[in-house]
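Biologist: Could you take me closely through a single part of this model, and then place that part within the chain as a whole?

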Amino acid sequence: MKYLICTISAIAVLSYAHAQEGGVYLKGGLNLANVSTHNNGTVDDANMLASFHVGFMADLPIGRFFALQPGILFTGKGAKLESGNSNSVTWYKATTNPYYIELPVNAVLKLPLDKQSSLFVGAGPYIAMGIAGKRKVEGKFLGASFSSKENIQFSDDDPSTLNYEEGAGMRIMKRFDYGVNATAGLMLNKFLLSVNYGYGLAKLQSGANNGEDNNNKHRVLSLSIGFGL
């Protein structure tokens, strides 16, 4: 219910922004997703997974040089793990591709180029709720092929119950993700180009804490284009 209220609030903000000077942008683009593998937040480059995002971003000016950029996005995250290649007698690839409804709010510094164009750079937090996704495994063992595909299951955790996680279990992902963004881009009248890096702070796997699971957090580099509405 709390996240439904957040989503409705985000839509209300976008509707308000549509009537203001800054306006609203329809945006989408490429995600290069990964999952951290070490406690210092680093990832294995070989695990990068291509996905996508689409949604809306508001631009709410605060004076001439600052703005807030809240949004609501449907976005893909995850990673892949591969050992060997498909021509080998023994080969393995596992792909996890969850999808989230994400609510970012970035505070940005704007550097005007002219009355209708500007460069911007900024940062801010995000929260996200997992709604769908697939987990796929395929490979070969001594020449014998195998494969499986299943829907990702999310826990029913209520974030307000800090000491208890509802619906936790093996191979069940935590439903709620949160983290911070760094963003930069270019606005040319009604056209938007931007890059964003999402640094997740929530561990992915549900259930009790352990060293391996606690290292796994989302990392997503996004490249976006957008058009003013």
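Modeller: The account below concerns strand S11 and its partners, and then turns to the whole chain. The model is predicted, so local features need pLDDT of at least 70 and side-chain atom pairs count only at pLDDT 80 or more, whereas totals for chains, interfaces and linings use all residues. Residues are numbered from 1 along each chain as its sequence is written, and side-chain values use heavy atoms, with hydrogens and water left out.

Strand S11 covers residues 176–188. Helices (H or I, at least four residues) and strands (E, at least two) are DSSP runs, numbered from the N terminus. Two strands pair if DSSP finds at least two bridges between them. Strand S11 is joined by 13 bridges to strand S7 (residues 117–141), and the two run antiparallel. In this pairing, Ala184 of S11 stands opposite Val121.

Strand S11 is also joined to strand S12 (residues 191–200), here by 10 bridges and again in antiparallel fashion. Gly185 faces Ser194 of S12. S11 and S12 form a hairpin with 2 residues between them, and Asn189 in the turn has a positive phi of about 60°.

Turning to the chain, its secondary structure comprises 2 helices and 13 strands. Of its 229 residues, 42% are buried, that is, under 20% relative accessible area, as against exposed at over 50% and partly exposed in between (1.4 Å probe, protein chains only). Among contacts (heavy atoms within 4.5 Å) with a separation of 6 or more, 63% involve residues 24 or more positions apart.
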